[in-house]
Amino acid sequence: MISFEGQIVLITGAGRGLGFSYARYIGQLGATVLIQDIGADTEGSGDSPEVAEIAAQQLQEEGLDALAIAGDISSREGCHRLVRQALAIAGKLDALIHNAGWVAYEHIEAIEEASFDRMMAIAAKAPLWLTQAAWPTMKSARYGRIVMTTSCRALYPQYVHRGLASYSAAKSAVIGIMNVLAVEGREDNIIVNAISPVAKTRMWGIEGEPDELHPAEVAPGMAFLASSACSEGGWILRAANGQFHATKAMEAKGVDYPRNLQAIQASTAHEVARNWALIATHDVEPRS
């Protein structure tokens with residue numbers, strides 16, 4: 001059985017939606033959950049500190065060990081300050097879950113540098129800075145579980161939505177960060193993975209309990225990734241509707257990168273064009 005007894009888990013954006021479901025599920029498994037949520041609106045603006053406090057109080061009324069923890073994660077210093085607060089409260093940090101974020105639609109003609117930077121700050125930079133801040137204590141303990149959040153809107157071309165260039169850029173960056181940190185943490189038992197969740201929340205425009213795609217149906221997958229039972233990093237766990245599928249990009253057998261890609265040989269652009277159907281193959285991932 002997976003247990004979080006005696007463990008401290010910090011979850012960003014845990015006041016509502018998916019983050020709240022993660023906090024409840026992991027709390028039910030025995031963890032002390034630290035709930036961070038700035039209380040921003042669906043556009044990522046504004047703040048309502050009471051959102052985290054109300055969430056923590058609700059979990060406490062359910063008999064769970066939950067605390068609200070204030071902090072803005074839009075900067076490196078803010079992320080480091082949040083982790084310092086968590087360590088001051090609990091003395092250690094066993095798992096870090098970066099869930100905070102929002103969906104912002106801006107077509108290419110309308111994207112401004114400020115809005116792009118704001119998306120990158122919360123969705124891509126924050127997991128990096130939070131991990132950086134938590135790394136020393138996890139390394140010292142020779143134990144840590146870190147889960148970042150990506151999206152199939154960035155991973156799969158068939159799920160792309162118009163207007164999500166900034167969002168997809170940030171969610172794609174998470175994969176690169178996760179891949180590197182999974183390797184860096186391996187020898188110290190710091191396991192780093194990502195989750196790509198789908199659930200009907202306020203980001204979807206849902207008020208109240210959805211009739212399908214419940215956030216609670218994603219939580220078991222997150223709980224596994226954040227637990228001691230998860231011993232392998234570098235995976236993207238796709239989670240939706242109570243179903244789970246883990247994926248990662250894997251190189252073909254026999255490749256000696258970069259000298260021999262085991263691929264089509266061409267010395268001119270004309271040869272590339274002539275062989276394009278063989279170069280650009282549609283490799284469909286198998287399902288058992």
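Reader: Why is Glu212 called partly exposed?

Author: The relative accessible area of Glu212 is 39%. Buried means under 20%, exposed over 50%, and partly exposed in between (1.4 Å probe, protein chains only), so Glu212 falls into the partly exposed class. The model is a predicted one, in which local features need pLDDT of at least 70 and side-chain atom pairs count only at pLDDT 80 or more, whereas totals for chains, interfaces and linings use all residues. Residues are numbered from 1 along each chain as its sequence is written, and side-chain values use heavy atoms, with hydrogens and water left out.

Reader: What makes the contact of Glu212 and Lys200 a salt bridge?

Author: The side chains of Glu212 and Lys200 meet at 3.2 Å, N to O. A salt bridge requires a side-chain nitrogen of Lys or Arg within 4 Å of a carboxyl oxygen of Asp or Glu, so this pair qualifies. Glu212 and Lys200 are twelve residues apart, and each lies in the loop between S6 and helix H7 (219–225).

Reader: How do you know whether Lys200 is buried or exposed?

Author: Lys200 has a relative accessible area of 13%. That value is below the limit for the buried class, so Lys200 is buried.

Reader: Which residues are joined into one network by salt bridges that share partners?

Author: Glu77, Arg81 and Arg84 form that network. Within it, the closest N and O atoms of Arg84 and Glu77 are 2.7 Å apart, and the pair therefore satisfies the salt-bridge rule. Arg84, at 46% relative accessible area, is partly exposed. Glu77, at 36%, is also partly exposed.

Reader: How many salt bridges does the rule give?

Author: The count comes to seven. One of them pairs the side chains of Arg24 and Glu62 at 2.6 Å, N to O. Arg24 lies in helix H1 and Glu62 in the loop between H2 and S3, so the salt bridge ties together parts that are 38 residues apart in sequence. With relative accessibility of 26%, Arg24 is partly exposed, and Glu62 is partly exposed at 37%.

Reader: What makes residues 50–61 helix H2, and how is its span judged?

Author: Helices (H or I, at least four residues) and strands (E, at least two) are DSSP runs, numbered from the N terminus. H2 has twelve residues, so its length satisfies the helix minimum. The expected span of a helix is 1.5 Å times one less than its number of residues. H2 reaches 16 Å from its first C-alpha to its last, close to the 16 Å expected.

Reader: How do you know that the buried residues of H2 line one face of the helix?

Author: The buried residues of H2 are Val51, Ala52, Ala55, Ala56 and Leu59. Seen down the axis, they fall within an arc of 130° (taken from the directions from the helix axis to the C-beta atoms), so they line one face. The face turned away from the buried side carries the exposed residues Ile54 and Glu61. What covers the buried residues includes helix H1 (17–28), strand S2 (32–36) and strand S3 (65–68). Just after H2, Gly63 takes a positive phi of about 90°.

Reader: Why is Val147 called buried, and which residues does it touch?

Author: Val147, found in strand S5, has 1% relative accessibility and therefore counts as buried. Contact means heavy atoms within 4.5 Å. Not counting residues up to four places away in sequence, Val147 touches Leu96, Ile97, His98, Asn193, Ala194, Ile195, Met222, Leu225 and Ala226. The C-alpha atoms of Val147 and Ile236 are separated by 9.6 Å, although the two are 89 residues apart along the chain.

Reader: Where is Thr131, and is it buried or exposed?

Author: Thr131 is in helix H4. Its relative accessible area is 3%, so Thr131 is buried. By the contact rule, and not counting residues up to four places away in sequence, Thr131 touches Leu96, Ile146, Met148 and Leu181.

Reader: What makes the nonpolar surface patch, and which helix gives the largest share?

Author: Patches are made of residues with over 30% relative accessible area and no salt bridge, like charges being joined within 9 Å and nonpolar side chains (Val, Leu, Ile, Met, Phe, Trp, Tyr) within 5 Å. Here Ile264, Val272, Trp276, Leu278 and Ile279 make a patch of about 450 Å², with areas from the Shrake-Rupley method with a 1.4 Å probe and only the protein chains shown as cover for residues. Helix H9 (residues 276–279) gives the largest share, three residues. Leu278, in H9, has a relative accessible area of 56% and is therefore exposed.
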